[in-house]
Amino acid sequence: YYIPDLKLPEERRPIGHWGRLHQSYLKLHRPMLYNELILSGSLHTVVADLNEQAEAMFFELVKQLAAREGVTEQLKAQNQMLWEQRMNNIRNRAMEVVNNDLIYA
């Protein structure tokens, strides 16, 4: 019997939350692309790149939305509950944008 000695390239970058979401999306809804990426050995690289892009996009969106809506450290000092409510709202909206634009696209 001939057994191939396949070795995948060593990738040290973390996949992270966004990368795992995209990987599960590919596995469930785009199985041909998922299998192609696995067989070519580039799945981890693609998912790690997407994770970095999604994190950068998420933090930039949160920063922009907070500035636009006036959610500042001064508001946090005055009314912590209101600040937390607004920041949760902003984070949820930013997460939805990232999911729609990068993860499930």
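At 40% relative accessibility, Tyr104 counts as partly exposed in this predicted model. Its aromatic partner is Tyr25, and the two rings form an edge-to-face pair, with 5.5 Å between the centres and 70 degrees between the planes. Tyr25 belongs to helix α1 whereas Tyr104 belongs to the segment after α5 (80-103), so the pair ties together parts that are 79 residues apart in sequence. Unlike Tyr104, which is partly exposed, Tyr25 has a relative accessible area of 16% and is therefore buried, the limit being under 20%.

**Aromatic pairs**

A search of the whole structure yields 3 aromatic pairs. One of them joins Trp18 and Phe58: the ring centres are 5.8 Å apart and the planes stand at 50 degrees, so this pair is tilted. Because Trp18 is in helix α1 (residues 16-29) and Phe58 is in helix α3 (residues 43-69), the contact ties together parts that are 40 residues apart in sequence. Both Trp18 and Phe58 are buried. Through ring pairs, Trp18, Phe58 and Phe59 are linked into a cluster. A further ring, that of Trp83, has a charged neighbour: Lys76 lies over its face, at 4.6 Å from the ring centre.

**Buried residues of helices α1 and α2**

His22 is also found in helix α1. With a relative accessibility of 8%, His22 counts as buried. A polar atom of the His22 side chain lies 2.8 Å from the backbone oxygen of Ile103. When neighbours within four places in sequence are left aside, His22 is in contact with Leu50, Leu102 and Ile103.

Leu37 is located in helix α2 (residues 31-40). Its relative accessibility is 11%, and Leu37 therefore counts as buried. Leaving aside neighbours within four places in sequence, the contacts of Leu37 are Leu26, Ser42, Leu43 and Val46. The C-alpha atoms of Leu37 and Asp49 are separated by 14 Å, although these residues are 12 residues apart along the chain.

**Salt bridges**

The count of salt bridges comes to 4. Three of the bridged pairs are set out below, each with its N to O distance and the relative accessible area of its two residues.

| Salt bridge | N to O distance | Relative accessible area |
|---|---|---|
| Arg13 and Glu52 | 3.3 Å | Arg13 25%, Glu52 40% |
| Glu69 and Arg93 | 2.5 Å | Glu69 34%, Arg93 33% |
| Glu84 and Arg91 | 3.5 Å | Glu84 31%, Arg91 26% |

The side chains of Arg13 and Glu52 meet in a salt bridge. This pair links distant parts of the chain, with Arg13 in the segment before α1 and Glu52 in helix α3, 39 residues apart. Arg13 and Glu52 also belong to a network of salt bridges that includes Asp49. Arg13 is partly exposed, and Glu52 is likewise partly exposed.

Glu69 and Arg93 form another salt bridge through their side chains. Glu69 lies in helix α3 and Arg93 in helix α5, so the pair ties together parts that are 24 residues apart in sequence. Glu69 counts as partly exposed, as does Arg93. In the bridge between Glu84 and Arg91, Glu84 is partly exposed and Arg91 is partly exposed.

**Nonpolar cores**

The largest nonpolar core has 17 residues, of which Val71, Met87, Ile90 and Val98 touch the most other members. Helices α3 and α5 each supply at least two residues of this core. Not counting residues up to four places away in sequence, Ile90 touches Val62, Leu65, Ala66, Glu69 and Val71. Glu69, listed among these contacts of Ile90, is also the residue that bridges to Arg93.

Another core, of 7 residues, lies apart from the largest one; among its members are Tyr25, Tyr34, Leu43 and Val47. Tyr25 thus appears both in this core and in the edge-to-face pair with Tyr104. Leu43, another member of the core of 7 residues, is one of the contacts of Leu37.

Definitions and conventions. Residues are numbered from 1 along each chain as its sequence is written. This is a predicted model: local features need pLDDT of at least 70, side-chain atom pairs count only at pLDDT 80 or more; totals for chains, interfaces and linings use all residues. Side-chain values use heavy atoms; hydrogens and water are left out. Rings of Phe, Tyr and Trp (its six-membered ring) pair if their centres lie within 6.5 Å; planes under 30 degrees apart count as stacked, over 60 as edge-to-face and the rest as tilted. Helices (H or I, at least four residues) and strands (E, at least two) are DSSP runs, numbered from the N terminus. Buried means under 20% relative accessible area, exposed over 50%, partly exposed in between (1.4 Å probe, protein chains only). A charge sits over a ring if NZ of Lys or CZ of Arg is within 6 Å of the ring centre and within 35 degrees of the ring normal. Contact means heavy atoms within 4.5 Å. A polar contact is a pair of N or O atoms within 3.5 Å; within protein, one must be able to donate a hydrogen and the other to accept it, and residues adjacent in sequence count only if both atoms are side-chain atoms. A nonpolar core is a set of buried Ala, Val, Leu, Ile, Met, Phe, Trp, Tyr and Cys residues joined through side-chain atoms within 4.5 Å.
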